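Work through the exercises below with the structure in view. Each task is followed by its solution.

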Amino acid sequence: MMDLSISIWIPLIPLFMFLLIGLFGHRFKPLVSGVMGTIGLGVVAILSYTIAYQYFFVQGKVDGVYHKIIAFNTVWLNLTDKLHIDLGVLLDPIAAMMLVVVSTVSFMVHLYSIGYMHGEKGFHRFFAFLSLFSFSMLGLVLATNIFQMYIFWELVGVSSFLLIGFYYTKPSAVAASKKAFIVTRFADLGFLIGILILSFITGTFDFITLTDTSGEAIRQGATIGFLGMSVMTWAMLLIFMGGAGKSAMFPLHIWLPDAMEGPTPVSALIHAATMVVAGVYLVARMFPVFHTSAPHALEIIAWIGGFTSLFAAVIACTQLDIKRVLAFSTLSQIGYMMLALGVSGYGGEEGLGFMASNFHLFTHAMFKALLFLGAGAVIHAVHSNVMNEMGGLRKYLPITHITFLIACLTIAGVPPFSGFWSKDEILVAAFHFNKILFAVEYAVAGLTAFYMFRLYFTVFWGKDDRHYHHTPHESPLTMTIPLMLLAVASIFAGFIPFTELVTSDGAAFEPHIDYMIAVPSVLIGIVGIIVAMVMYRKENGMPEKMANNLKYLYKWSFNKFYIDEVYMFITKKIIFNYISRPVAWFDRHIIDGTMNGIAGVTNLVSFEIRGFQSGQLQKYAFVFVTSALALVLAFIYLWTN
Amino acid sequence: MRLEDFLLMRHELLLTLIAIIILIAEIFTDDFKKQGIRPLSIILMAIVTIVGFLPAPTGTLFGGMYQATDMRLMMKNILNIGALIVFIQSASWLKSDDNQNKVSEFFLLLISTLIGMNFMISSGDFLMFYLGLELATIPIAALAAYDRYSNKSSEAGIKLILISALSSGILLYGISMIYGTVGSVYFDKVSVAYGATPLQIMSFIFFFTGMAFKISIVPFHLWTADVYEGAPVNVTSYLSVVSKGAAVFIFSIMLVTVFQNIAAMWKDVMWITAAITMTLGNLFAMRQNNLKRFLAFSSISQAGFIMLGIIGGSELGMAAVVYYILVYIFSNLGAFGVIAAISNASGGKENMSDYDGLYKTNPALSLTLTLALFSLAGIPPVAGFFGKFFLFTAVAEKGYWWLLTIAVLNTIISLYYYLLPVKAMFINKAETSIAYFKSDGWTKVGLIICVAGMVIVGFASVIFEYIRTLSFGL
């Protein structure tokens with residue numbers, strides 16, 4: 001038996017790397033910082049695999065059911081006898097799975113960045129931030145209690161902010177980083193309030209106590225009503241609000257497309273594979289509570305997830321920036337995961353949706369990271385983000401082309417690639433829950449195949465004879481190796497037996513393929529691919545014609561349904577004018593006036609009493625003795641009467 | 001008395017031993033080799049500090065005159081840490097031409113006061129207490145006048161010795177009256193027999209003034225600013241942290257044991273003086289331009305905050321006081337360390353306006369000073385925040401809402417002036433700010449210890465939890 005407490009080093013190594021590179025990075029050669037960060041993450045990845053192996057195959061299972069193991073724990077703050085905040089490491093199937101996801105993708109991105117960021121100003125700063133992010137994300141994954149999760153949640157937000165704004169001389173990057181930070185912070189406010197309500201009702205922060213389906217905590221507050229829903233439902237909805245902010249669910253999705261201003265490896269790591277699925281992870285982590293005491297909240301989650309996936313898929317069909325297409329595709333896929341959680345039951349086959357959601361999270365992390373890194377390689381080669389300026393790249397970038405094609409096939413759900421398996425499970429789960437949601441997701445599957453292959457054909461085929469300023473060339477090995485490794489993962493991840501490893505109650509169940517759903521879903525994917533091929537493989541007038549025919553839909557989709565404009569209208573016109581202005585007036589005239597008055601009086605008094613401090617010793621002694629006597633007289637008078 | 005009994009007083013004995021070693025080294029080294037005494041003293045002090053933390057028996061000696069309990073040992077260890085940091089911070093200053101031939105003087109005098117403080121903290125009767133107190137005070141007057149050719153330094157020494165003589169007189173008068181009314185000087189006997197007759201109230205107040213002088217509680221604080229300003233920076237930092245800490249420690253022990261019968265009365269006395277101390281200390285601090293004077297007044301207002309924990313009188317309050325002193329040692333010594341480094345490097349620049357634009361030229365020192373001031377002001381996440389938080393909890397727990405309100409208001413006022421130097425360093429523009437200079441190794445080590453202390457003591461909750469297990473209350 002291995003001592004699982006070594007898992008504490010998984011977050012600590014990146015923290016150490018962050019401090020090392022952050023404090024002393026400018027003294028090394030840039031490459032040294034990069035290599036150090038990469039080696040650190042490599043060690044973390046090996047450790048994570050070991051821990052995951054130990055958990056899944058040696059120590060985790062008791063009587064055929066996976067248990068939650070506290071591998072390390074320390075009490076940090078004792079608030080009351082019952083309520084305390086701990087810092088520690090919790091291992092269970094989803095945590096172990098996320099360890100593998102985060103450390104793998106992070107390691108790949110580190111390796112890739114050595115090539116991609118080569119020669120950039122602030123190379124070591126970039127690696128310091130990457131390490132900080134890895135530390136925060138791993139800490140979040142391993143949190144033993146919801147408060148620890150919240151701390152790391154915010155740290156993740158900060159690292160994301162720092163990395164989106166990495167090119168801080170670019171105004172659009174600065175604006176994007178601010179937007180991401182403000183939107184997620186707004187959502188986190190709900191999260192925090194939710195945590196406070198939850199801990200107030202249940203008297204604990206601890207995940208094990210909270211999610212124990214036979215325990216006391218989970219049944220608290222279900223009977224107390226507030227505005228038509230139980231308090232528990234409110235608390236869980238507020239907690240979901242935090243998750244929706246991080247996972248960019250509609251209507252809090254507006255920050256994610258802009259976040260593409262960050263360097264592409266960052267988009268791959270943070271805004272595709274790890275941080276944005278933190279919301280899914282949060283809901284999965286609290287799933288027993290959702291299921292037992294807040295089923296309404298779960299239903300809302302399902303609908304929000306379903307709507308987001310459709311909404312984002314429609315937008316993705318019209319975007320021209322290669323990274324934005326991928327960003328909207330990420331939104332759409334996370335919508336899938338949320339929906340799967342929302343439609344899931346608890347225990348055994350009932351928990352199919354839960355399993356499917358985590359399954360898709362895993363496969364999505366691999367193929368979406370691959371897509372982003374591939375997009376990075378393309379951008380690296382042609383120095384542009386815009387699809388219209390690309391074409392025929394398959395000749396120049398053979399490795400990128402093949403791996404990108406694999407990723408596209410995976411996301412389109414073509415068997416036997418991994419995306420097919422996980423997406424199929426989600427569709428099955430949705431089918432048993434609600435036919436409308438199933439229809440939506442079915443349509444999204446077709447749209448996904450279409451927009452991904454629209455991207456693929458435009459970039460790698462399309463205008464074959466396009467002339468570039470300088471001939472694009474394949475990326476260095478540090479960039480192509482991660483692509484190839486992730487491609488392998490994308491192909492084979494579907495064969496991992498998730499039904500045995502990651503289930504809602506820890507017990508395994510029999511998987512089976514429902515051909516009534518699998519076959520049509522593959523067919524619609526292939527239809528999407530063929531449509532895209534006809535329209536974009538060779539340059540022709542069809543896309544324009546389509547756009548003209550669907551004029552309004554195209555325009556709305558191209559402009560992302562004007563959600564950003566709606567936000568601007570609400571914040572600028574309504575909140576600024578009707579709320580902020582009066583508050584500002586009140587603050588300036590009433591609050592400041594009072595404060596200035598107090599400050600003035602304080603100043604005056606301190607000016608008046610300076611005579612005390614004359615520097616004359618006789619005076620000091622006089623004050624000393626008289627004060628002593630005055631105290632004596634006063635207290636004798638007070639205490640003997 | 002068995003040989004093992006010496007283990008009980010190992011702090012005092014070890015300090016005496018290193019004092020003797022330094023004396024011998026002083027006698028047997030040539031004039032030009034005297035510099036070697038600096039690292040020697042620092043290393044010896046470091047060893048004593050570490051040895052102090054080793055587990056050792058507890059008990060009483062000399063028929064109860066000397067008491068060693070876990071809490072008192074902890075207090076001594078905290079003082080040792082403070083003294084060690086002062087030693088380290090003084091190293092570069094002692095190297096200057098003026099001080100070269102009196103290096104060992106500095107260390108010997110400091111160690112003597114530390115021995116006095118240790119005896120004072122371990123005292124079990126008023127005689128031992130008084131001996132310790134005097135041993136802890138008189139050498140400091142000599143230290144304040146260390147800078148022989150500076151008028152201000154001599155003035156500080158004279159003022160300190162005269163006013164402390166006055167205060168000792170009143171204190172002794174109080175002790176003699178305690179003996180007169182109770183018939184014993186042993187703490188345990190006095191604590192049983194003490195009451196609130198007029199004579200006893202008078203004797204308590206007289207005793208209180210003596211302690212108030214050491215802790216610099218208003219209105220017995222007037223010496224503080226002049227002495228702090230005149231004395232060399234390193235002596236000032238010692239005076240404001242270690243010396244004050246020792247007095248707070250023994251005073252809080254005595255209040256909850258010896259004077260427990262009149263707790264209701266002393267709480268009233270402390271209530272009034274604490275409120276005045278916080279407020280006046282703050283009001284004066286706002287107007288200071290000299291940073292040493294500034295920190296002097298800030299330390300007065302800090303003393304007021306520390307009294308909150310004593311007024312709470314509970315186990316939590318006592319733990320909060322000890323914890324706060326620990327935090328205060330790191331924060332205040334951090335601030336003084338930066339000021340001393342800058343003063344040494346720039347030829348005595350100690351005014352707030354001299355610090356304009358310092359961040360541009362000396363970012364590391366500026367950040368350290370900022371962190372220290374944040375800790376003093378109680379801004380999270382530095383340790384000072386947790387310290388103040390526990391102190392406030394201690395009074396809130398006992399329902400002193402008015403006092404708490406006054407304390408919170410004072411915290412807000414103090415934020416204003418603690419941020420003034422920060423503003424000067426980061427925001428104010430200067431034509432000629434202090435040029436970049438490289439601090440030497442000792443200064444760096446001293447400041448790193450302080451910064452680490454401010455961060456670790458705040459975040460590692462085990463420290464507070466441990467102090468709390470040793471704590472006791474009314």
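**Exercise 1.** State how many residues each chain gives to the contact, and describe the side of chain B.

Solution. Chain B contributes 26 residues and chain A contributes 23 residues, two residues being in contact if their C-beta atoms, placed from the backbone, lie within 7 Å. On the side of chain B that touches chain A, the elements giving two or more residues are H7 (151-182), H9 (198-215), H10 (223-230) and H12 (263-286) of chain B. Helices here are DSSP runs (H or I, at least four residues), numbered from the N terminus. H9(B) gives the most, with six residues. By type, this side of chain B has 21 nonpolar, two polar and three charged residues. Nonpolar means Ala, Val, Leu, Ile, Met, Phe, Trp, Tyr, Cys and Pro; charged means Asp, Glu, Lys and Arg; the others, Gly among them, are polar.

The model is predicted: local features need pLDDT of at least 70 and side-chain atom pairs pLDDT 80 or more, while totals for chains, interfaces and linings use all residues. Residues are numbered from 1 along each chain as its sequence is written, with chains lettered from A and ligands numbered from 1 in the order written.

**Exercise 2.** Find which residues of H6(B) meet H11(B).

Solution. From H6(B) come B:Phe129, B:Ala136, B:Ile140, B:Leu143 and B:Ala144; from H11(B) come B:Val235, B:Leu239, B:Ser243, B:Ala246 and B:Ile250. Nine of the residues in this contact are nonpolar, one is polar and none is charged.

**Exercise 3.** Describe the make-up of chain A and its burial.

Solution. Chain A has 25 helices and six strands, strands being DSSP runs (E, at least two residues). Of its 641 residues, 53% count as buried, that is, with 20 or more other C-beta atoms, placed from the backbone, within 10 Å of their own. Its C-alpha atoms fill a box of roughly 100 × 60 × 55 Å along the principal axes.

Note on methods. Buried ≥ 20, exposed ≤ 12 C-beta atoms within 10 Å, placed from the backbone.
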